[in-house]
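Trainee: Could you take me on a close look at the cysteines in this model, and then show me the part of the fold around them? I would like one connected walk-through, please.

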Amino acid sequence: MVTPAARRVAVGAVQDGFGVSQRRACHVLGAARSSVRYTRERGGDDPIREPLRAVAARRRRWGYRRLALLLRRDGWRVNDKRVYRLYRMDGLAVRRRKRKKLAAGRRLALPAPTGANQRWSMDFMGDTLASGRTFRTLNLVDDCTRECVAILVDTSLTGARVVRLLDALAATRGLPAIIVVDNGPEFTGKALDAWAYARGVQLHFIRPGKPVDNAFIESFNGKFRDECLNEHWFRDLTDARETIETWRHDYNDVRPHSALGNRTPTEFATSLRLTA
């Protein structure tokens with residue numbers, strides 16, 4: 001298919017080469033004079049682009065069809081195709097929403113803590129009772145002393161339950177400056193965010209899909225799974241709570257920890273307080 005631009009070039013070449021008129025050259029080539037004389041004009045695009053950008057800025061989740069309707073309401077004589085071309089040209093297409101918005105927060109490497117209660121790590125795990133019903137545990141670990149601060153056991157653990165546990169720990173143990181968590185909904189929700197703001201505690205969110213950023217709690221979770229959850233058959237929720245709490249005390253007071261020079265977490269925490 002011959003384009004209008006190529007047709008004009010051909011007619012011009014015949015005119016120049018043979019010294020004939022445009023009418024004669026068009027007759028010889030079988031081209032309509034109107035197509036040769038036609039000049040493409042798009043001067044009307046520029047006045048529309050600025051109003052389109054302004055409307056798109058106000059209505060960021062609207063597509064080009066709705067934006068075209070608004071332009072026509074404002075008196076612009078435009079069709080959808082013309083708006084769509086300018087819409088794509090200016091990069092105004094609606095962005096797809098991400099799966100979910102992750103909580104804002106620093107995702108940088110943290111310096112190692114040098115004392116107890118400076119930084120905690122927090123994570124969830126799950127298991128089943130003898131009846132087949134599932135339950136969850138919320139595990140908290142002191143990143144310096146490796147003490148298991150608490151293990152909350154229940155069939156459902158919401159952000160509000162997490163806050164109540166932290167308030168109870170604040171009354172008996174105090175709170176750290178930083179708590180390291182993943183991007184689970186219980187940690188990114190409003191309940192924990194409001195609590196941390198009111199208490200002056202920084203929530204440090206690990207990079208999505210990078211559990212190695214929360215290495216202390218992941219190491220603890222492996223030991224907890226291997227030495228407690230996999231070793232016991234829990235009759236009911238009460239039995240699970242009692243067994244897990246007994247194991248937690250054994251972990252803190254009896255079990256030697258290789259990273260602490262084969263001392264227990266309690267012994268290491270005591271040595272830190274004596275040398276402070």
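Mentor: Happy to, and let's start with C228: its sulfur is 10 Å from the closest cysteine sulfur, the one in C148, so the two are too far apart for a bond. Keep in mind as we go that this is a predicted model. Looking from the other end gives the matching picture, since for C148 the closest cysteine sulfur is in C228, again at 10 Å and too far for a bond. A disulfide is a covalent bond between the sulfur atoms of two cysteines. The cut-off applied here is a pair of cysteine sulfur atoms within 2.5 Å, and a search of the whole structure finds zero disulfides. As for their surroundings, C228 counts as buried because its relative accessible area is 0%. C148 is buried too, because its relative accessibility is 1%.

Now to the sheet. Strand β3 covers 148-154, and it is one of the edge strands, pairing on one side only. The other edge strand is β5. Between these edges, the open sheet of five strands is ordered β3-β2-β1-β4-β5, and its pairing is mixed. On average, neighbouring strands of this sheet are turned by 25° against each other, direction ignored.

Two helices lie against this sheet and can be described by their direction relative to β3. Helix α7, residues 159-172, lies across β1, β2, β3 and β4 and runs at about 145° to β3. Helix α11, residues 237-253, packs on the sheet by touching β2 and β3, and its direction makes about 170° with that of β3.

Let's move along to β4, residues 178-181, which has both faces covered. I178 and V180 are buried on one side, and I179 and V181 are buried on the other. Strand β1, residues 119-128, runs parallel to β4 and is joined to it by three bridges. If you want to trace that pairing residue by residue, R119 stands opposite I178, and S121 stands opposite V180. β4 also pairs with strand β5, residues 202-205, in the parallel sense, this time over four bridges. There, I179 has L203 in β5 as its bridge partner.

While you have the viewer open, have a look at A194, found in helix α9, which spans residues 190-199. A194 counts as partly exposed because its relative accessibility is 47%. Its C-alpha atom is separated by 9.6 Å from that of V163, although the two residues are 31 apart along the chain.

One more stop, for a pair of helices. Two packed helices are described by the angle between their axes and the distance between the axes. Helix α5, residues 64-73, and helix α6, residues 80-89, pack at an angle of about 115° with their axes 9 Å apart, and their crossing is right-handed. On the α5 side, Y64, R65, L67, A68, L71 and R72 take part, and they meet D80, V83, Y84 and Y87 in α6. The residues of this contact divide into seven nonpolar, no polar and three charged.

To come back to your cysteines: C148 and C228 are both buried, and the whole structure has zero disulfides.

Definitions and conventions: Residues numbered from 1 in each chain as written. Predicted model: local features only at pLDDT ≥ 70, side-chain atom pairs only at ≥ 80, totals over all residues. Heavy atoms only, no water. Buried < 20%, exposed > 50% of the residue type's maximum accessible area, 1.4 Å probe, protein only. Pairing = 2+ DSSP bridges. Axes fitted to C-alpha atoms, helices over the stretch in contact; angles between N-to-C directions. Left-handed = near helix turned anticlockwise from the far one by under 90°. Contact = heavy atoms within 4.5 Å. Nonpolar A, V, L, I, M, F, W, Y, C, P; charged D, E, K, R; others polar.
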